[in-house]
Structure formats: C-alpha cells, structure tokens
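Here is my note on this entry. Please read the points with the structure open.

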Amino acid sequence: MQVFKVFMKVLKSRMSAAFLYILIFMIIAIPQAKSSTTEKKFERVPLKIAVFDEDNTPESRKLTEFIAKDNKLISMSNDREELIDALYWMRLDYALIINKGYSENLLSDGTNELFGSYHVHDSYSVSYMSTALDQYVSSVRAYSQSGEDLDSAIAHTEDALSQDTEVHVAEAGKNGVNGQSSTFRAYFNYFSYIIISVIIYTVCPIILTMTRKDIRYRTNCSSIHPNAYTIQLFAGSTVLVLGVWLILIVAGIFATGGFYSGKQWLAVLNSFIYTLVSTSIALLITSFDPSENILNLTAQILGLGMSFLCGVFVPLSMLSDSVASVSKFLPAYWYIRCNSMICGNEIYDSGRLASFMLIQMLFAVVCSVLTMLIRRIKFGTSSEVAA
Amino acid sequence: MENTVVKIENLVKRYGELIALDHLSLEIKEGEIFGLLGPNGSGKTTTINCLLSLLAYDKGSIEIFGEKMSPVNYNVKQNIGIIMQNVAVFDELTVQENIDYFCGLYIHSKADRKQYVDEAIKFVGLEDFRKFYPKKLSGGLLRRLNIACGIAHKPKLIILDEPTVAVDPQSRNKILEGIQELNRQGTTVIYTTHYMEEVEQICTRIAIMDKGRKIAEGTKDELKRMIRNTETISIELLDLSDRVKDKFAALPHVCSCDYDGTKLIIGFSGGKHNLMRVTELLREEELHSGRIYSERPTLNDVFLEITGKALRDKED
C-alpha cells in the first residue's frame with residue numbers, strides 16, 4: 001500500500017487548500033441556495049406624501065391622520081414649482097390637497113371636488129392614493145347611508161381599512177408529498193457546481209504529482225505491478241472523492257434544514273452519481289498533463305460553463321431551445337433534470353429518473369474509456385516491447 | 001569466470017526513418033562499472049530505456065541476470081536501480097519518506113525497508129536532513145537524495161543516466177566516489193554520460209556510441225591504443241620558421257606537426273623520450289619558448305579519430 005499511503009501524504013499536504021476550496025464554495029453556494037427561495041415577505045412601502053388641508057375641519061384632519069398611519073407625511077410649502085421639483089427628484093411621491101368644503105361635500109356624490117393633487121402621471125403612487133382615497137370616501141358614504149352619523153362612519157371606515165390582509169405565497173409542492181423545499185432544490189443544484197470544481201482543484205493536482213513524468217519513469221522501472229499501482233491510486237482518489245462528497249452531503253443537512261428523508265435520498269444518490277462523473281472528468285483532464293494555470297482555467301470553464309448552460313444558475317425553463325439542445329451533451333443537464341424531478345418541478349417518473357441517472361453514468365464510462373485510451377497512447381509503449 | 005549481468009544482442013530501434021539503435025551488442029560483466037559514452041543523440045538513453053523495457057524495440061534481444069528482459073519480468077526489475085538525470089522525488093514528502101516510498105516499490109517488509117532506508121541515508125550522508133523536505137535541500141543534497149531513492153533497495157545492477165548534468169564539481173566528485181563505493185560493495189554499474197573525464201575516472205570498461213552504433217569498446221587503455229596518436233606535445237612559440245618546423249616534423253615517431261602562430265602542436269605515434277627530443281631541438285635552435293606540456297590522448301581524441309568530430313560541443 002505504498003502508493004496509497006503516499007497519495008494520502010500528498011493529500012495531507014494539500015488538505016488545507018482542499019478545505020479552503022470547499023469552504024469558499026460553501027460560503028458562496030449556501031447563501032445563494034437560500035436566496036433562491038421563492039418565499040417572499042410582503043410589506044407596505046410608505047409613500048412620501050405632502051398633505052395641504054385647505055378645509056381644516058375635524059373630518060379633514062382625521063383624513064390626514066389616517067393617511068399618516070401608513071405613509072410618511074412630508075412638510076412642505078404649497079408652492080407649485082417647489083412641489084414639482086420635489087416630485088421630479090423623488091423627494092415626494094404625492095402631494096394631496098384637501099379642498100375647502102371637504103367636510104361639507106364628503107357625503108355628496110363624486111370625489112373630484114374633494115381633492116386636488118400634484119403627482120407623477122401613471123406612477124404607482126397615483127394608483128395607490130386614488131384607490132385609497134376612493135375606498136375611504138366610499139366607505140364613509142356607505143356607513144353614513146346605513147344610518148350612522150359622520151363621526152361614527154369615519155371611525156368605522158378607519159377600522160375597516162386598517163385591517164391588514166395576510167399574504168401567503170403558496171409554492172407548488174413545498175414540503176409536500178410531491179416535492180422538496182426550494183432551498184433543498186437549490187442546494188442540490190449548486191452541488192453540481194461545487195463538486196466538479198472541488199474535485200478538479202483537489203484530485204487533479206494530486207494525480208498529476210503522483211504521475212509526474214520523472215516519478216512515473218522511476219515507478220515503471222520498479223518491480224511494482226502496474227495494476228497494483230493503478231488500484232492504489234484509484235483507492236486514494238476514491239477516499240478523497242468520497243470524503244468531499246460526504247462533507248457536502250452532511251453540509252447539505254444543515255443548509256437545507258433537516259436530515260434527508262423519502263425522495264431526498266434519491267437526490268443524495270443523484271449527487272453521488274454526479275460525483276463519479278466529476279471524478280471521471282477530473283481523471284480525463286489529468287491525462288493531458290495540464291499546467292496549474294490550465295487546470296484552474298479548466299475548472300472554471302467546466303464548473304461555471306456547465307452551471308450556466310445546464311440550469312444550475314438559471315432554471316432550465318428559462319433557457320432557449322438551442323441552449324437546451326447543446327446542454328443535453330453535458331452531464332450536469334441530466335443531473336439537474338433528475339433534481340427537478342425529485343424536487344417536484346417535473347412530473348416524477350421513476351423510469352425516466354433511472355434513465356437520466358444512467359445517462360450520467362454513461363458520461364462517466366465515456367470519460368474513463370477516453371482516459372484509458374489517452375494514457376495508452378501516451379505512456380503505454382512498454383507493453384509493446386518485442387519478445 | 002565473471003558472470004554476465006547484461007547481454008544485448010543486435011538491438012535495433014527505429015523512430016520512423018531514423019535508426020536510433022543500429023544492431024547494438026553489449027555484454028556487461030558482474031562487478032564492472034560500464035561506461036556508455038557518446039554525444040547527445042548517440043543512443044545512450046534509448047539503450048537504457050530498451051534495457052529497462054520502457055521502450056519497445058524492433059529487433060534483437062536483451063538479457064539481464066541471464067533472463068530475458070520484459071516489462072513483466074519483475075524478478076529482474078527487483079534487482080535494478082535507476083538514477084536519472086532529473087531529480088525524481090516528491091516535494092510533499094520528507095527525505096526519509098521519499099526514500100521509503102521508492103524503496104517500498106521493491107521491498108515490502110517494513111522492518112527490512114526501515115533498515116535499507118537508514119543505510120541509504122547514511123550512504124549518501126543525509127543523516128541530518130531526514131525530516132527535510134526536498135525544497136529545503138541544496139542542489140547537491142537533492143542529487144544525493146535522488147541517488148538514495150535509486151539504491152535504497154540494494155539492487156545488484158544500478159543504471160545511472162547522466163546523473164551529473166548541471167552538478168557543481170564538488171557534488172560531482174561526491175557522486176562519482178559514491179558510485180565507486182557501490183561498485184566496491186559488489187554492485188554492477190552502467191553509467192551513461194557525455195563527460196569523458198568521468199568515464200575515464202570511474203569506468204572499468206567503456207563503450208563509445210555514435211548514431212546508434214557502438215564504435216569502440218574496451219578499457220580506457222585499450223581504447224587509447226586504438227588510435228595512432230599516443231602523445232601530444234604543445235609548445236608556446238611566438239616565432240617559428242618553416243625550416244625549424246620541418247625539423248620538428250622530422251623527429252622520430254612524429255605523426256603530425258601544426259603551428260598556428262602562437263603554439264606548436266606535435267603528435268607522436270609511439271616512442272619514448274619524445275619530450276626530451278623536443279626540448280633538445282629547442283635548445284639547438286636557440287628558440288625561446290613559453291610553456292611546454294605533454295598530454296596523453298583522451299577519450300575525446302579516440303572519438304575524434306574514429307568519427308572525425310569532437311565528443312561534445314564546446315559549450316558542453
């Protein structure tokens with residue numbers, strides 16, 4: 001087990017760098033996974049409103065107080081130029097003028113004579129204020145017509161309009177039978193980016209060190225059987241890759257907020273298969289003996305490129321048909337399709353899920369065969385020695 | 001009778017149209033330090049690679065320790081140590097770990113390996129650097145580590161492929177002394193180089209190669225006897241008439257006489273007291289000379305006479 005032990009020693013010397021990569025990726029990926037959730041909090045955004053009460057009656061003052069509850073009142077002089085400036089520079093959203101005679105006309109039909117305003121045309125603040133004032137006046141009139149006096153009608157109107165409507169956005173399949181949380185989905189989607197990058201950054205340099213030309217020369221001269229050497233190298237790589245995979249899976253428990261259960265295990269299996277694919281890609285890269293710069297560049301191109309093309313960063317549904325048709329030639333596409341099915345974004349079909357996983361395995365097999373072919377072409381002359 | 005350790009017969013290696021090894025035959029006996037001497041591209045490294053089954057060859061046969069050499073002949077490989085021109089060690093392992101790793105490719109018993117590693121460290125004098133990483137070692141110490149990695153498993157045959165390229169003279173002497181010490185302990189050594197001085201210093205038998213062919217083989221004295229010139233006398237002279245030059249050329253055993261305006265170079269083919277005759281003639285002609293020195297032919301002269309070109313370029 002000399003080769004395996006040395007693999008571990010070389011790994012030990014690069015362990016800190018490997019953990020650093022994992023940490024950096026986790027720091028980037030987990031918040032992004034969490035931020036990708038579609039759960040939203042809705043809150044009222046207060047408008048900056050200037051109220052000019054030309055009526056100055058108890059009714060008009062109550063309206064001003066009502067407006068002030070949910071908005072910010074701005075104190076300004078009733079000067080046309082100044083108000084237009086303030087609206088232009090967005091220091092003000094709306095300027096309301098409560099016309100003289102407001103209290104007398106409140107119970108009459110129409111609202112045109114009640115209010116005047118300065119505002120930016122077609123802005124959301126105009127819509128909001130028009131609706132709010134209409135609602136207010138309509139409610140007061142409704143309560144009044146039902147027999148209440150004006151003070152009581154205003155009080156009931158304020159009570160009724162002060163009720164907040166609680167808004168919940170229902171997400172299809174959220175934590176339900178058919179799907180997983182969006183955080184879970186996002187984490188396992190980002191997993192594909194993390195694992196391929198970390199594996200290329202950690203496995204490749206170690207394999208390249210172990211198979212450096214002069215070291216390889218010395219090893220080939222020795223009495224160790226090439227198969228024994230390869231098996232030990234493979235064992236070392238497996239331990240490293242499994243270690244990285246386990247770290248990310250355990251981290252996923254914390255990131256997604258609970259231990260895996262049910263169909264979530266299929267996502268774990270899918271991530272394991274994709275880890276094998278990533279390892280085979282990493283081994284294929286090492287067979288070209290790339291320099292450190294080329295290796296970094298390759299990791300970036302593969303990690304980011306596949307993530308953009310295959311629906312990691314941008315949902316598959318938003319990709320154009322031409323991009324989607326290209327991405328089908330990349331393993332990350334099938335990994336994301338599996339995740340989509342497991343997480344409920346696609347109709348779950350165990351047969352199709354298995355076939356998508358098999359397609360990923362096929363990528364791993366193709367990469368492994370290519371690696372062996374390249375290595376045979378580059379280094380396999382020793383077996384051809386004339387008998 | 002000494003046992004044959006390596007037997008190469010009619011080895012042919014082609015790279016397309018280029019013939020790298022042209023019916024090469026060599027026989028290396030047990031206990032020898034066998035020098036493979038030749039300029040760059042003469043086929044030395046190709047020979048070694050074929051010998052180690054790292055390279056396929058087109059024709060011929062190779063036997064080591066009486067067994068046919070092949071990539072899967074691990075019994076033979078077990079008894080071969082290789083030391084290359086480049087330092088082939090792991091930067092991530094200490095001196096001791098490096099030697100232990102390469103020794104472990106041959107020796108599986110941990111106890112034996114520990115002893116072998118200790119002995120190798122002692123042999124190359126790296127006792128104080130056991131825990132050092134290669135990056136902390138000087139160039140000379142790195143070379144010693146490289147040698148220790150190649151010899152730790154106590155091979156019966158050690159192949160050194162230009163181990164002293166780009167090494168300072170002091171480290172070079174240490175390496176050469178080490179090789180001689182290994183040989184004294186019973187190891188057969190194959191030493192490839194294009195430095196003729198090294199070959200003359202340590203090799204018991206030498207094969208000179210050029211263009212994939214063995215052009216001469218023997219001990220250094222045997223090789224030098226192959227050429228006409230046995231002694232070269234050089235005299236620093238600022239003025240020499242044709243008449244006097246002809247007198248020098250007419251001395252007994254003179255085979256060549258050249259004057260370039262500052263130095264007279266006279267080649268002798270055999271004969272004794274050549275230097276005495278030259279100095280007597282200088283006195284007779286009342287010539288005032290600078291330095292006078294006599295040189296025995298070198299392997300470069302041998303190579304020069306056989307191939308018509310110098311063994312290595314001046315920049316080497």
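1. Long-range contacts in chain A. Take the contacts in chain A with a separation of 6 or more: 73% of them join residues 24 or more positions apart. This is a predicted model, and the points below should be read with that in mind.

2. Make-up of chain A. Chain A has 387 residues, and 34% of them are buried. Its secondary structure consists of 14 helices and 4 strands.

3. Overall scores. The ipTM is 0.77 and the pTM is 0.69. Please quote both values with any figure of the model.

4. Confidence in chain B. The mean pLDDT of chain B is 88. A score of at least 70 is reached by 97% of its residues. Where in chain B is confidence lowest, and where highest? The low end is helix α11 of chain B, residues 299-307, with a mean of 79. The high end is helix α3 of chain B, residues 95-104, at 94. As a general caution, predicted coordinates should not be read in detail where pLDDT is low.

5. The contact between the chains. Chain B contributes 26 residues and chain A contributes 24 residues. On the chain B side, α2 (74-77), β6 (80-83) and α3 each supply at least two residues. Which element gives the largest share of that side? It is α3(B), with 4 residues. Helix α3 of chain B is also where confidence in chain B is highest.

6. Character of the chain B side. The side of chain B that touches chain A has 17 nonpolar residues. Another 5 are polar and 4 are charged.

Definitions and conventions:
Residues are numbered from 1 along each chain as its sequence is written. Chains are lettered from A and ligands numbered from 1 in the order in which they are written. This is a predicted model: local features need pLDDT of at least 70, side-chain atom pairs count only at pLDDT 80 or more; totals for chains, interfaces and linings use all residues. pLDDT is the predictor's confidence in each residue, from 0 to 100. Two residues are in contact if their C-beta atoms, placed from the backbone, lie within 7 Å. Ala, Val, Leu, Ile, Met, Phe, Trp, Tyr, Cys and Pro count as nonpolar, Asp, Glu, Lys and Arg as charged, and the others, Gly among them, as polar. A residue is buried if 20 or more other C-beta atoms lie within 10 Å of its own, exposed if 12 or fewer, and partly exposed in between; C-beta atoms are placed from the backbone.
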